[in-house]
Amino acid sequence: MAMGRFRAAAVVALPLLLPLLAVGPASAAEPAPLPLPLGSVRSVHPGDPLGVTAVSGQAVNGDTITSPVLQKAGRMRMTAPRLTAAVTIACDARPGTYPVTLTSAGAARPAEHAAPWAHIRVEPADEAARRACRNKVKPDREEHWAAHTT
């Protein structure tokens, strides 16, 4: 009788699980972001994803992470118990050391209120690496909704 229940449960669960198994592990599709904690200096290459993580008191929901070598600014989002932002080094980033800043979500003039967060050291990359970067980097990692959507 127990075997019959197990078989019935398997018949019900298998169609639900098969699509998940077909996708494969998420780590195979995209590399894990390199951590970028407050006050750090990180060596990176064009196309590297970075994960900015803050604890309460270091940042608030909606704060912006910026740098001249990021593909686009990142927005801090609450993923309890921490705040995180996902950013990517631009494919055309040139070698050098660049500041990463945090700007308050409510700043009237963001450029005047940016606080130092960390520094990133972009390592040299040849044209083949930049071309590979452009092929692998997704243009936008943040969710956007149409203007008329609530």
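In the predicted model, I120 is in contact with L36, R42, V44, L50, S67, V69, L70, I89, G96, T97, Y98 and V100, not counting its neighbours within four places in sequence. I120 also belongs to the largest nonpolar core, a set of 22 residues. Together with V52, I65, M76, I89 and W117, I120 is among the members that touch the most other members of this core. Four strands, β3, β7, β8 and β9, each supply at least two of the core residues. The greatest contribution is that of β9 (114-122), which gives 4 residues.

The strand β9 is part of an open sheet of 5 strands, arranged in the order β2-β9-β8-β4-β5. Pairing in this sheet is mixed. Its edges are formed by β2 (41-44) and β5 (74-75), each of which pairs on one side only. Within the sheet, β4, comprising residues 64-66, is joined to β8 by 3 bridges in the antiparallel sense. One residue of β4 placed in this way is T64, whose bridge partner in β8 is T103.

A further open sheet contains 4 strands in the order β1-β3-β7-β6, again with mixed pairing. Here the edge positions are taken by β1 (34-35) and β6, and each of these strands pairs on one side only. The contact between β1 and β3 (residues 49-54) is parallel and consists of 2 bridges. P35 has G51 of β3 as its bridge partner.

The edge strand β6 (77-79) is followed by a loop that leads to β7 (82-88), and P81 is found in this loop. The peptide bond from A80 to P81 is cis, with omega near 10°. Most peptide bonds are trans. The bond from A80 to P81 is therefore an exception to the general pattern, given its cis geometry.

The count of disulfides comes to 1. The link is formed by C91 and C133, with the sulfur atoms 2.0 Å apart. The angle about the S-S bond is -80°, and the link is left-handed. Distant parts of the chain are connected by this pair, as C91 and C133 are 42 residues apart. C91 lies in the loop between β7 and β8 (96-103), whereas C133 is in helix α2 (residues 127-136). Both cysteines fall under the 20% limit for burial. The relative accessible area is 13% for C91, so this residue counts as buried. For C133 the corresponding value is 1%, and this residue is likewise buried.

A search of the whole structure yields 1 salt bridge. The participants are E127 and R134, and the closest N and O atoms of the pair are 2.8 Å apart. Side chains of opposite charge can pair when their charged atoms come close. The relative accessibility of E127 is 45%, so E127 counts as partly exposed. R134 also has a relative accessibility of 45% and is classed as partly exposed. Helix α2 spans residues 127-136 and holds C133 of the disulfide.

Terms used. Residues numbered from 1 in each chain as written. Predicted model: local features only at pLDDT ≥ 70, side-chain atom pairs only at ≥ 80, totals over all residues. Heavy atoms only, no water. Pairing = 2+ DSSP bridges. Disulfide = S-S within 2.5 Å. Buried < 20%, exposed > 50% of the residue type's maximum accessible area, 1.4 Å probe, protein only. Core = buried A, V, L, I, M, F, W, Y, C linked by side-chain atoms within 4.5 Å. Contact = heavy atoms within 4.5 Å. Salt bridge = Lys/Arg side-chain N within 4 Å of Asp/Glu carboxyl O.
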